[in-house]
Amino acid sequence: RVMVTSLTKAAALEAGGRDLGISHQNVGTLHHFAFDALDHPAIAEDAEGAKSWNEYIGPLAPDLRLSRMGGSSLDEPRNSEVPDLVTNGDLCLSALNLSRARCVPPELRPAHAARFEQYWTAWKRETDRMDFADLIDFAADEPCPIEARALFVDEAQDTNAVQRALLK
């Protein structure tokens with residue numbers, strides 16, 4: 001009855017591949033467990049979400065399109081055949097995610113992240129999607145999907161304040 005969580009898919013796969021005597025369902029990333037706790041919402045940053053976002057934002061603000069297409073689920077790796085191009089939209093989403101992870105109040109976020117966030121929030125609401133930061137934010141109010149008596153957090157020192165709140 002131990003839960004093992006990590007911040008990366010690679011570390012979770014490594015831990016899950018070891019003979020630890022822990023059920024594979026009890027090993028995963030923090031986002032994976034949050035995704036389970038929230039009953040598997042549609043993800044904004046997967047390939048389908050990125051395509052939907054680009055169709056939505058194209059006529060409104062074409063400079064905010066995303067180039068990064070993730071896997072089709074939290075457990076599927078990013079498509080390595082797609083070039084790792086960086087668009088202005090990618091940079092804005094990254095700045096927004098960093099601001100959210102650092103708990104920067106919306107009014108103090110960089111202007112380009114705040115502009116992106118207005119469209120991003122409206123699109124997520126319209127398409128009933130959650131982004132990776134939402135998973136961590138909203139899962140803190142949900143019961144843990146794993147019945148465990150102990151929690152092992154790989155690289156715990158690298159968690160941010162929002163992730164630590166979820167872990168508690």
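## Long-range contacts and two covered helices

In this predicted model, residues 24 or more positions apart supply 65% of the protein chain's contacts with a separation of 6 or more. The protein chain holds seven helices and five strands. Read from the N terminus, their order is β-α-β-α-β-α-α-α-β-α-β-α. Of the 168 residues, 39% count as buried. The exposed surface of the protein chain comes to about 9,900 Å², and carbon and sulfur atoms provide 53% of that.

**Helix α2.** This helix spans residues 30–37 and is mostly covered. Seven of its eight residues are buried. Which elements do the buried residues of α2 pack against? They meet three strands and two helices: β1 (2–6), β2 (27–29), β3 (42–43), α6 (132–139) and α7 (161–167). Just past the end of α2, D39 adopts a positive phi of about 65°.

**Helix α6.** D131 caps the N-terminal end of this helix. One of its side-chain oxygens sits 3.2 Å from the backbone nitrogen of A133. A133 is itself among the buried residues of α6. The cover over the buried residues of α6 includes α2, β3 and α7. It also includes α4 (88–101), α5 (111–127) and β4 (129–130).

The two helices side by side:

| Helix | Buried residues |
|---|---|
| α2 | L30, H31, H32, F33, A34, F35, A37 |
| α6 | A133, D134, L135, I136, A139 |

Both helices thus appear in each other's surroundings: α6 is listed among the partners of α2, and α2 among the cover of α6. Strand β3 and helix α7 pack with the buried residues of α2 and also help cover those of α6.

Technical notes. Residues numbered from 1 in each chain as written. Predicted model: local features only at pLDDT ≥ 70, side-chain atom pairs only at ≥ 80, totals over all residues. Heavy atoms only, no water. Buried < 20%, exposed > 50% of the residue type's maximum accessible area, 1.4 Å probe, protein only. Helix = DSSP H or I, 4+ residues; strand = E, 2+ residues; numbered from the N terminus. Contact = heavy atoms within 4.5 Å. Polar contact = N/O pair within 3.5 Å; in protein donor to acceptor, adjacent residues only side chain to side chain. Areas by Shrake-Rupley, 256 points an atom, 1.4 Å probe, with all protein chains shown as cover.
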